[in-house]
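Colleague: I'd like a close look at one part of this protein, the charged side chains and what they pair with. Could you walk me through it?

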Amino acid sequence: PKVESFCLKIVSALEHDHEARTELAIPLGMLPSLKDLTIQSNTRFDVPVVDEFDLEEEISGVLPILNTVNLDLLDASDVAKWLGEYLEEMKDRGNSNEFRELTIVEHAGEDLRMATYPGDEALKWCKDMEIRCVVLGL
């Protein structure tokens, strides 16, 4: 399919239960033309990373080259490891210059925190978040 922009919205009735988590697979290989990815969620979730990008390439032969990722989440660290692996894979393939921007909106109670990370700063954010999660035991 020629999908260039995709918004995944996850809505849970358990939005205030911070202990409740689900697992979410994001099969990028099924959207080889994807350029812009948005993920919105009112709940926490885990994204498995285990050799995901090799598997996706086997399925479709193509891993999309994203230009932008927009995250509107309770805790953006939920996708930091997955996104970091994706950005590393793009870097290894020589496509890191195609990624333009990561935008993050996090909901902290009634407050909203917004941050934007251009290009390589997005990968640095992912690595920093992974370290933070390890240190805090998240």
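To start me off, is Lys127 buried, exposed or partly exposed?

Modeller: Lys127 is partly exposed, with a relative accessible area of 39%. Keep in mind that this is a predicted model, so a word on confidence comes before the details. The protein has a mean pLDDT of 81, with 82% of its residues at 70 or more. Confidence bottoms out in helix H1 (residues 52-60), where the mean is 50, and peaks in strand S5 (residues 68-73) at 94.

Now for the partner. Lys127 makes a salt bridge with Glu88 through their side chains, at 2.9 Å from N to O. Lys127 belongs to helix H3 (residues 120-136) and Glu88 to helix H2 (residues 77-92), so this pair ties together parts of the protein that are 39 residues apart in sequence. Glu88 has a relative accessibility of 25%, so it counts as partly exposed. As a general point, side chains of opposite charge can pair when their charged atoms come close.

That bridge has company, as the structure holds four salt bridges. Another one of them sits in helix H3: Asp128 and Lys124 meet through their side chains at 2.8 Å, N to O. These two are four residues apart in that helix, so about one helical turn separates them. Asp128 is partly exposed too, with a relative accessible area of 37%.

A further bridge joins Glu89 and Arg93, whose closest N and O atoms are 2.8 Å apart. The accessibility labels split here. Glu89 comes out at 19%, and because buried means under 20%, it gets that label. Arg93 is partly exposed at 29%.

While we're in this part of the chain, you may wonder about cysteines. A disulfide is a covalent bond between the sulfur atoms of two cysteines. A search of the whole structure turns up zero of them. Cys126 is buried, with a relative accessible area of 0%, whereas Cys7 is partly exposed at 46%.

Cys7 also leads us to a polar side chain elsewhere in the protein. Thr38, which is found in strand S3 (residues 36-41), has Cys7 among its contacts, along with Phe6, Leu8 and Asn70, once neighbours within four places in sequence are left aside. With Asn70, the link is a polar contact between the two side chains, at 3.4 Å.

To put these pieces in their setting, the protein has three helices and seven strands. Going along the sequence, they follow the pattern β-β-β-β-α-β-α-β-β-α. Residues 24 or more positions apart supply 74% of the contacts with a separation of 6 or more. Of the 138 residues, 41% count as buried. The accessible surface comes to about 8000 Å², and 53% of that belongs to carbon and sulfur atoms.

So, back to your starting point: Lys127 is partly exposed, and its side chain meets that of Glu88 in a salt bridge, which ties helix H3 to helix H2.

Definitions and conventions
Residues are numbered from 1 along each chain as its sequence is written. This is a predicted model: local features need pLDDT of at least 70, side-chain atom pairs count only at pLDDT 80 or more; totals for chains, interfaces and linings use all residues. Side-chain values use heavy atoms; hydrogens and water are left out. pLDDT is the predictor's confidence in each residue, from 0 to 100. Buried means under 20% relative accessible area, exposed over 50%, partly exposed in between (1.4 Å probe, protein chains only). Contact means heavy atoms within 4.5 Å. Accessible areas come from the Shrake-Rupley method with a 1.4 Å probe; for residues, only the protein chains shown count as cover. A polar contact is a pair of N or O atoms within 3.5 Å; within protein, one must be able to donate a hydrogen and the other to accept it, and residues adjacent in sequence count only if both atoms are side-chain atoms. A disulfide is a pair of cysteine sulfur atoms within 2.5 Å.
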